[in-house]
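Visitor: Got a minute to walk me through this one? I'd like to poke around a bit.

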Amino acid sequence: MSEFELLKTIKEPSDIKQMPFERLQELCQEIRAAIINRVSKGGGHLGPNLGIVETAVALHYVFDSPKDKIIWDVSHQCYPHKMLTGRAQGFYDDTFFKNISGFTAPEESKHDIFTIGHTSTSVSLAYGLAKARDYQNEKENIIAVIGDGSLSGGEAFEGLDNAGDLKTNFIVVINDNEMSIAENHGGLYGNLQELRKSKGQYADNYFKTLGFDYTYVEDGNDLKTMIETFKKIKDINHPIVVHVHTLKGKGYRPAEQEKEKFHWCQPFDVKSGKILGTTTTEDYGYYIAQYLENRVKTDPKLVVINAATPTALQLKEFRADHPERYIDVGIAEEHAIATASGLAKGGMRPVALFFGGFIQRAYDQLSQDLSMNKSPAVIIIEGTGISGGDITHLGIFDIALMSNIPGLVCLAPSTKDEALRMLDWALEQRDFPVVIRTPWKAPESLKYAPTSPIKLNKSEITHKGEKIAILGLGSFLSLAEKTAELLKTKGIDATIVDPRFTSTVDIELLHGLTKDHNKFIVLEDGCVAGGYGSKVASLLSPYGVKVYSFGASREFTNRVPLKDLYERYNLTPEQIVQKVL
């Protein structure tokens, strides 16, 4: 049999329904090999996908997608589903990787109902589909697939609580591999453990409490058992939870042994399991993690909060060395912000770390629980700025999102030294909450690096020129310098400003510059609409000067190369100078 022979024949899920069982088992092996092929060469989610193979094959063998609707929570375990719905070439053909995203995508296939890249959402989305079905007197199966880690998110509880009250078909498949992205945290996991130990017979059943029927599958990586289980519940007339125990990383020994490392990973050598490439660890996340590691030794009030992403935010060392000062709240950003507020009010110095594409999940807590209460917690938002990332993981909206909340002080460092000084300043004050945003990209060296102490709402002029002032927010201070160098060739010595704060503008400094500057260029590594530049324009509009704001458009982008985005947004020095002059 040639490599990927079976996968190459599958255009629709119906293509597997007539396969003899032995061929289905061979198909599972091909799917695993294709997952390893893609991730080892291009990076991606490895462990979750290897563990869900038999469940995915059984779902499509028994149910009738897209009539029956399968919703994949987070969808970082959707690779087998994609292969079974005509997109296998994106996994076995190296030249086709970029044609298929790592998340469910309706534009790719009618079998993907939603674009999903954030956790704990599938039950709520499926509940909406089920209600729509019932209102229209239709009969299809609605299946929500959700991992045990995703159950820690509040929306998962809300969805389960509501769905348990249905009187019609609703199927929740719990993929329990005893892991979140990292290890699980929370009282719920004690109940799951008891259910596993008792093979589903434990009396205090969380899901039954919420109104669900319940069945347990001990070996969720046994294809025959999974097919038989789904056949029994197909077309069920009430809500049921199918609790499936699987092995994260199944079929690739390094991923089975190091589940956290191989949840998501860069390209790796298949034989040794060694992560490839020479990527530097010295980015903002590295420096912040080292700062926290050093500070906790002398600050008895420092507490670090994380929402289930310690490896990605380089907190593994801190977690191992200081477990008593490390709180992993699970995948629950809202809870994390409220916890930080409580810790700060109680006299501690909490630092909560998140990704830029996740923090919007906690908007209400940022506004009500944190800022309205003036709790002096420190929030670090990493992975911000324009990127070539997936549509579900963009970090360009945080400035507009947070910098307009009253009482929330938001900063954007331009160098790692400035970031650490901002952290010092934020932790020493006790009057307000502070947000510090940092980009994916490692900090660049600057010709005119800022050096003055951090003062509330004060910017710094790093180079004094005339006529044109360039405000380079955060990581774009380096772009400001490059633009100024190009302007010099046009005979203009531009002033360069490090704004530092995204939540306010330095009124005194900017008013002063209007006396001998008639053009202001604002460069921000985020969305222009509602961003920092709009604050500058609003302040300076009465003074007869022109303000040009450069940054990202208000749009969702999906895996567009960074170079292409910079050109689209006129963010090269040449484009900026041409537009201004």
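Visitor: Let's start with β6. Which of its residues point one way and which the other?

Guide: One note before that: this is a predicted model. From β6, Pro239, Val241, His243 and His245 point one way, while Ile240, Val242 and Val244 point the other way. All of them are buried.

Visitor: How many residues of β6 are buried, then?

Guide: The count is 7 of 7, so β6 is mostly covered, given that buried means under 20% relative accessible area.

Visitor: What does β6 pair with, and in which sense?

Guide: β4 pairs with β6 in the parallel sense, over 7 bridges. In that pairing, Phe170 stands opposite Pro239. Strand β5, residues 213–217, also runs parallel to β6 (residues 239–245), and 5 bridges join those two.

Visitor: Which residues face each other between β5 and β6?

Guide: Asp213 stands opposite Ile240 of β6, and Tyr214 has Val241 as its bridge partner.

Visitor: What handedness does the unit of β5, α10 and β6 have?

Guide: Right-handed: β5, helix α10 (residues 223–233) and β6 make a β-α-β unit of that hand.

Visitor: OK, on to the packing. Which residues touch the most other members in the largest nonpolar core?

Guide: Leu27, Leu46 and Phe230, in a core of 53 residues. Elements that each supply at least two residues of this core include α1 (21–42), α3, β2, α4 (79–87), β3 (142–147), β4 (170–176), α10 and β6. The one that gives the most is α1, with 8 residues.

Visitor: And what does Leu46 touch?

Guide: Leaving out residues up to four places away in sequence, Leu46 touches Ile35, Ile36 and Val39, then Tyr252, Ala255, Phe262, His263, Cys265 and Phe268.

Visitor: What about another core, apart from the largest one?

Guide: Another core, of 29 residues, lies apart from it, and Ile288, Leu315, Leu353 and Ile436 are among its members.

Visitor: Now a helix. Which residues of α7 are buried?

Guide: In α7, residues 154–163, those are Ala156, Gly159, Leu160 and Ala163. They cover an arc of only 95 degrees around the axis, which puts them on the same side of α7.

Visitor: Why would that spacing put residues on one side?

Guide: An α-helix has 3.6 residues a turn, so residues three or four places apart point the same way.

Visitor: What covers that side of α7?

Guide: The cover over the buried residues of α7 includes α6 (122–135), β3, β4, α9 (206–209) and β6.

Visitor: How does α20 look, further along?

Guide: Helix α20 (residues 532–540) has Tyr532, Gly533, Lys535, Val536, Leu539 and Leu540 buried. Their arc, seen down the axis of α20, is within 155 degrees, so they line one face of the helix. Among what covers them are α16 (398–402), β15 (467–472), α19 (507–513), β17 (517–527) and β18 (546–552).

Visitor: Changing topic: how many aromatic pairs are there?

Guide: The count comes to 15. One of them is Tyr206 with Phe207, an edge-to-face pair at 5.2 Å centre to centre, with 75 degrees between the planes. Tyr206 is partly exposed at 22% relative accessible area, whereas Phe207 is buried at 0%.

Visitor: Which residues form a cluster with Tyr206?

Guide: Tyr206, Phe207 and Tyr214 form one aromatic cluster. That's the Tyr214 whose bridge partner in β6 is Val241.

Visitor: What about Trp425 and Phe432?

Guide: Their ring centres are 5.8 Å apart with the planes at 40 degrees, so that pair is tilted. Trp425 counts as buried at 17% relative accessibility, and Phe432 counts as buried at 15%.

Visitor: Last thing, the backbone. Where is the cis peptide bond?

Guide: It runs from Ser65 to Pro66, with omega near 10 degrees. Pro66 lies in the loop between α3 (53–62) and β2 (69–72).

Visitor: And which residues have a positive phi without being glycine?

Guide: Gln314 is one of them, with phi about 60 degrees, and its place is in the loop between β8 (302–306) and α13 (316–321). Asn457 has a positive phi of about 65 degrees and sits in the loop between β13 (434–439) and β14 (460–463).

Visitor: How accessible are those two?

Guide: Gln314 counts as partly exposed at 25% relative accessibility. Asn457 is partly exposed too, with a relative accessible area of 27%.

Notes:
Residues numbered from 1 in each chain as written. Predicted model: local features only at pLDDT ≥ 70, side-chain atom pairs only at ≥ 80, totals over all residues. Heavy atoms only, no water. Pairing = 2+ DSSP bridges. Helix = DSSP H or I, 4+ residues; strand = E, 2+ residues; numbered from the N terminus. Right-handed = clockwise from strand over helix to strand, strands pointing away. Buried < 20%, exposed > 50% of the residue type's maximum accessible area, 1.4 Å probe, protein only. Core = buried A, V, L, I, M, F, W, Y, C linked by side-chain atoms within 4.5 Å. Contact = heavy atoms within 4.5 Å. Arc of directions from axis to C-beta. Phe/Tyr/Trp six-rings, centres within 6.5 Å; stacked < 30°, edge-to-face > 60°.
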